[in-house]
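Please look through this model with the report below. It takes one buried site, a hairpin, the cysteines, the cores and the overall form in turn.

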Amino acid sequence: MAAYGEIVNLVTARTGLRGDAASGRMTGLYNGYTVLAEPIGNTVNYMIKIGARGANGAVMDSGTAKQIAKGSPAVAAIQIQNFQWNVTVKNRIGAAKTADGICEALQYITNALQSYQQISVCGRCGQVKPTEGVIIGNNSAVLCEDCYKAEQAAGAARQQALDAKPENVVGGIVGALLGSLVGVLAIVLIGQLGYVSALSGIVMGVCALKGYELLGGKLTKRGIIISVIVMIFMVYVGNRLDWAISLQREIYTDDTVFTVFRYLDEGLEQLRANGADVSGYTTNLLMQYGFSALGAASMIVTAVKNAKNANKTARI
């Protein structure tokens with residue numbers, strides 16, 4: 001996860017917002033608007049969220065919003081959902097430059113809102129009420145107290161329904177196996193290009209976990225453990241299939257890939273007896289496990305975090 005402490009300290013010192021160094025989120029009143037600035041995912045790329053509309057109740061049209069976005073080198077894009085402006089800050093390298101970009105974007109966008117006579121409102125209902133930056137599951141928003149309480153109640157209801165939902169372990173195993181086949185495909189495709197990559201581990205992790213969740217009903221600690229076991233087995237299968245394809249193409253051309261896959265150990269032993277160096281098989285397998293562990297670990301951490309926070313609401 002990216003470190004946000006320096007960015008938060010620099011921005012809050014210049015803007016008066018309050019911030020959380022752990023999450024990178026910052027919120028408060030700025031230039032007459034309740035604003036919320038937060039990282040996009042686990043990156044140091046930021047988005048600014050503001051609830052605003054015209055005094056007549058109308059939301060600004062997307063064409064005008066795009067023109068506003070083009071007016072500042074600190075703003076990459078603007079999207080409006082309900083009454084909430086989602087302003088993507090243009091990426092910059094380094095904490096100091098990132099903080100500069102956030103401050104520039106804050107100043108520019110709030111000035112633009114004022115010039116277009118946009119008033120500060122709840123990003124959800126559009127009413128002129130006191131608002132604050134809040135966390136809603138794995139997302140965030142600028143909401144009034146009524147909308148925040150409504151989201152809190154809805155999240156609690158979803159969590160209660162999820163807790164009551166039984167876990168289908170058999171279905172989850174099938175889902176993890178089906179999902180991991182995409183990871184096997186990634187291993188083979190990348191392997192045939194002559195590489196071993198963490199990308200295949202990421203694909204394996206995402207698809208196996210998502211497959212378990214979809215067919216298992218929900219993702220639990222047991223489901224994660226089962227998915228990891230499935231991944232370990234399927235990485236072995238993927239590496240073996242990669243070698244079987246290569247050997248069938250270059251040596252055992254009279255046999256099918258599946259025949260070579262089945263008798264691969266005997267084939268490798270025969271090649272070794274003939275003086276060929278087949279140590280690459282074990283080396284590739286170990287590298288696949290290593291890269292898959294690195295790639296899948298981040299996906300598992302993210303999945304656990306998302307599952308834990310999916311239905312939670314909190315004030316920033």
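## Glycine 223

Leaving aside neighbours within four places in sequence, glycine 223 is in contact with Glu167 and Tyr212. The model is predicted. Glycine 223 sits in helix α7, which covers residues 221-250. Is glycine 223 buried or exposed? Glycine 223 is buried, and its relative accessible area is 0%.

Leucine 209 lies 14 residues from glycine 223 along the chain. The C-alpha atoms of the two are 7.9 Å apart.

## The hairpin of β8 and β9

Strand β8 takes in residues 131-136. It runs antiparallel to β9, and 6 bridges join the two strands. Isoleucine 136 stands opposite asparagine 139, a residue of β9. Between the strands of this hairpin there are 2 residues. Glycine 137 takes a positive phi there, near 60°.

Strand β9 spans residues 139-144. Why is β9 described as largely enclosed by the rest of the structure? Because 5 of its 6 residues are buried.

## Cysteines

How many disulfides does the model hold? The count comes to 0. Cysteine 125 is in no disulfide. Its nearest cysteine sulfur belongs to cysteine 122, at 3.7 Å. A disulfide is counted here when two cysteine sulfur atoms lie within 2.5 Å, so cysteine 125 and cysteine 122 do not qualify. Cysteine 125 is partly exposed, with a relative accessible area of 26%.

Cysteine 147 has cysteine 144 as the closest cysteine by sulfur position. The sulfur atoms are 3.7 Å apart, which is too far for a bond. Cysteine 147 is buried, with a relative accessible area of 13%. The cut-off for buried is under 20%, so cysteine 147 falls below it while cysteine 125, at 26%, does not.

## Nonpolar cores

In soluble globular proteins, nonpolar side chains tend to be buried together. The largest nonpolar core in this model has 32 residues. Which members touch the most others? They are Met26, Tyr46, Ile48, Ile78, Trp85 and Ile102. Several elements give two or more residues to this core. The helices are α1 (5-15), α2 (62-69) and α3 (95-115). The strands are β2 (26-30), β3 (33-39), β4 (46-54), β5 (75-81) and β6 (84-89). Helix α3 gives the most, with 8 residues.

Isoleucine 78 touches Ala65, Ile68, Ala69, Trp85, Asn86, Val87 and Ile109, if residues up to four places away in sequence are not counted. Another core, of 20 residues, lies apart from the largest one. Ala176, Ile245, Ala296 and Ile300 are among its members.

## Overall form

The protein has 10 helices and 10 strands. Its radius of gyration is 26 Å. The globule rule gives 20 Å for 316 residues, and the value here is well over that, so the protein is more spread out than a compact globule. The C-alpha trace spans about 80 × 45 × 35 Å along its principal axes.

Of the 316 residues, 44% count as buried. The accessible surface comes to about 16000 Å². Carbon and sulfur atoms account for 60% of that surface. Contacts between residues at least 6 apart in sequence can be split by separation: 62% of them join residues at least 24 apart.

Methods:
Residues numbered from 1 in each chain as written. Predicted model: local features only at pLDDT ≥ 70, side-chain atom pairs only at ≥ 80, totals over all residues. Heavy atoms only, no water. Core = buried A, V, L, I, M, F, W, Y, C linked by side-chain atoms within 4.5 Å. Buried < 20%, exposed > 50% of the residue type's maximum accessible area, 1.4 Å probe, protein only. Helix = DSSP H or I, 4+ residues; strand = E, 2+ residues; numbered from the N terminus. Contact = heavy atoms within 4.5 Å. Pairing = 2+ DSSP bridges. Rg over C-alpha atoms; globule rule 2.2 N^0.38 Å. Areas by Shrake-Rupley, 256 points an atom, 1.4 Å probe, with all protein chains shown as cover.
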